[in-house]
Every structure is written in C-alpha cells, then in structure tokens.
Amino acid sequence: MSPAAPPPADNTSHFNAAEALAAIREQQYTYRRRIEVRSAPLYTAWGLAWLIGYGVCGLSVGGDYALAPGPFLVFMGCLVAAAVFTCVYIARRSRGLRGRSTWVGTLYGLAWAGGMILAFATSSRVGAFLSELGTAQATNMGAILSNALPCLVVGVLFLAGAAIWEETSLAVTGSWVLVTTLAATIVGGHALWAIMALAGGGGLVAAGITTALLGRRQSAPVRD
C-alpha cells in the first residue's frame with residue numbers, strides 16, 4: 001500500500017489574517033475621516049465668504065467709500081455663514097470624542113463663536129459712531145476697522161488650531177490671512193476690497209483645494 005499523500009497546505013489562516021488587517025485599516029481610515037478636524041473645509045468656507053463678500057462690496061463701493069445697505073448685508077451674511085459653518089463643523093467632528101479631545105474641540109469652537117461675535121459687535125458700534133461724522137475719511141476708517149477685526153480673529157484662531165493639531169498648513173494659512181489683512185489695512189480705500197477678495201479669499205480657496213488633494217493622498221488606506 002502506498003503511503004497517503006500529505007494534506008494540502010492550509011492557507012486559510014493567512015488569507016483571513018490579511019483580510020482582517022485590511023478591514024482594521026479601513027475602519028481606522030473611516031474613523032479618522034469622521035472625527036478629524038480637517039483644515040480644507042475651513043479654508044474653503046472662509047475663502048468663498050471673502051471672495052463673494054469682498055467682491056460684491058468692491059464692485060459696489062462709491063467714490064466716498066460709502067457702501068450701500070444691500071452689498072453690506074451680503075458681506076455680513078457671508079461672514080456669518082462662514083462662522084456658523086466653522087462652529088457647526090467643529091462641534092460635529094468633536095461629538096463622538098471623549099476626554100481631552102472633546103474639551104479641546106469644544107473650547108476651540110467656543111473661541112470661534114465668541115471671537116466673531118465680539119468682532120462684529122465692536123465693529124458695528126465703532127462704525128455707527130464713525131458714520132455720524134459724515135466724512136469720507138471716517139467712512140474709510142470704518143471699513144478698515146470692520147475688515148480688520150474679524151480677519152484678526154480668523155488668522156489668530158487658524159494659528160491656534162495649528163498649535164492644537166500640529167498642522168503646518170493651518171499655521172501657513174493663518175499667517176497669510178494676517179499678512180493680507182495687514183496689507184489691506186495699510187492701503188485702505190477701494191484697494192482694500194480687491195486685496196481681501198483676491199489675495200484673501202482666492203488664496204484661501206486655493207489653499208482649501210490644495211490641502212484637500214494632499215490630504216486624500218496622505219490619509220488613503222494602504223491596500224495590500
């Protein structure tokens with residue numbers, strides 16, 4: 001009688017282990033995408049708000065730097081929409097977290113809400129005072145102040161976000177916002193609206209698109 005042939009090699013465990021590892025990587029990738037506070041949506045939201053808001057105002061401002069109520073409401077509406085989106089986005093991303101991550105996300109969202117509310121309230125009060133003076137210089141100063149305060153909040157909080165999540169792109173973009181706002185504040189006049197719309201808004205939109213594309217390549221799960 002010939003000896004029995006050896007049983008075929010069992011590769012089931014090898015394939016099961018590989019499939020389990022791939023499933024774990026996929027779940028980790030999905031989890032990160034759900035809870036990670038990514039910078040690209042923030043860049044895009046504020047970039048579109050500035051591009052539309054400042055663009056409308058720049059095309060409508062008069063020779064005496066006065067701005068009609070319609071374009072001003074569009075401008076404020078764009079800023080408020082971007083601020084609300086930022087707070088809601090951060091709150092939703094932090095909803096499933098526990099411990100320190102929850103605390104950090106909550107405080108960062110409150111900083112956005114409180115900073116923007118204070119900036120709008122302050123610029124409104126000072127703008128109302130300057131408008132009573134009735135001069136072109138006072139109107140120009142009101143526009144400069146109304147622009148500088150919200151942009152100061154945005155730039156500083158982008159830098160704070162860079163420190164919290166150790167993301168270089170947030171630091172670069174926050175610095176760009178502050179530099180652009182500084183240039184617009186120094187120049188003033190009609191050029192302020194063009195600088196903020198093109199350099200500010202356009203730069204943020206470009207940063208959002210670039211960061212989103214790079215983020216997809218870097219965070220995509222590795223498949224065997």
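Here is a short walk through this structure, from the whole chain down to a few single residues. Please keep in mind that the model is predicted.

Let's start with the overall fold. The chain has 7 helices and 0 strands, and read along the sequence its pattern is α-α-α-α-α-α-α. Of the 224 residues in the chain, 35% are buried. The surface that the chain exposes comes to about 13000 Å², with carbon and sulfur atoms supplying 67% of that area. As for how the chain meets itself, take the contacts between residues at least 6 apart in sequence: 75% of them join residues at least 24 apart.

With that picture in mind, turn to the surface. Which residues make the nonpolar patch there? The patch is built from L48, L51, I52, V74 and L198, and it covers about 420 Å². Helix α2, which spans residues 39-60, gives the patch its largest share, 3 residues. V74, another member of the patch, sits in helix α3, residues 69-93. The relative accessible area of V74 is 35%. Patch residues must have over 30% relative accessible area, so V74, at 35%, passes that cut-off. This value also makes V74 partly exposed, because that class lies between the 20% limit for buried and the 50% limit for exposed.

Now go back to helix α2, which also holds S39. Is S39 buried or exposed? The relative accessibility of S39 is 2%, and S39 counts as buried because the limit is under 20%. What surrounds this residue is easy to list: setting aside neighbours within four places in sequence, S39 is in contact with E167, S169, L170 and T211. One of these partners, E167, also takes part in a polar contact, in which its side chain and the side chain of S39 come to 2.5 Å. If you are viewing the model, this pair is a good place to pause.

The last stop is helix α7, which runs over residues 191-219. A194 is found in this helix, and its relative accessible area of 39% makes A194 partly exposed. Where does A184 stand with respect to A194? The two alanines are 10 residues apart along the chain, and their C-alpha atoms are separated by 8.7 Å.

To gather up the residues visited: S39 is buried in the model, while V74 and A194 are partly exposed. S39 lies in helix α2, V74 in helix α3 and A194 in helix α7.

Terms used: Residues are numbered from 1 along each chain as its sequence is written. This is a predicted model: local features need pLDDT of at least 70, side-chain atom pairs count only at pLDDT 80 or more; totals for chains, interfaces and linings use all residues. Side-chain values use heavy atoms; hydrogens and water are left out. Patches are made of residues with over 30% relative accessible area and no salt bridge: like charges are joined within 9 Å, nonpolar side chains (Val, Leu, Ile, Met, Phe, Trp, Tyr) within 5 Å. Accessible areas come from the Shrake-Rupley method with a 1.4 Å probe; for residues, only the protein chains shown count as cover. A salt bridge is a side-chain nitrogen of Lys or Arg within 4 Å of a carboxyl oxygen of Asp or Glu. Helices (H or I, at least four residues) and strands (E, at least two) are DSSP runs, numbered from the N terminus. Buried means under 20% relative accessible area, exposed over 50%, partly exposed in between (1.4 Å probe, protein chains only). A polar contact is a pair of N or O atoms within 3.5 Å; within protein, one must be able to donate a hydrogen and the other to accept it, and residues adjacent in sequence count only if both atoms are side-chain atoms. Contact means heavy atoms within 4.5 Å.
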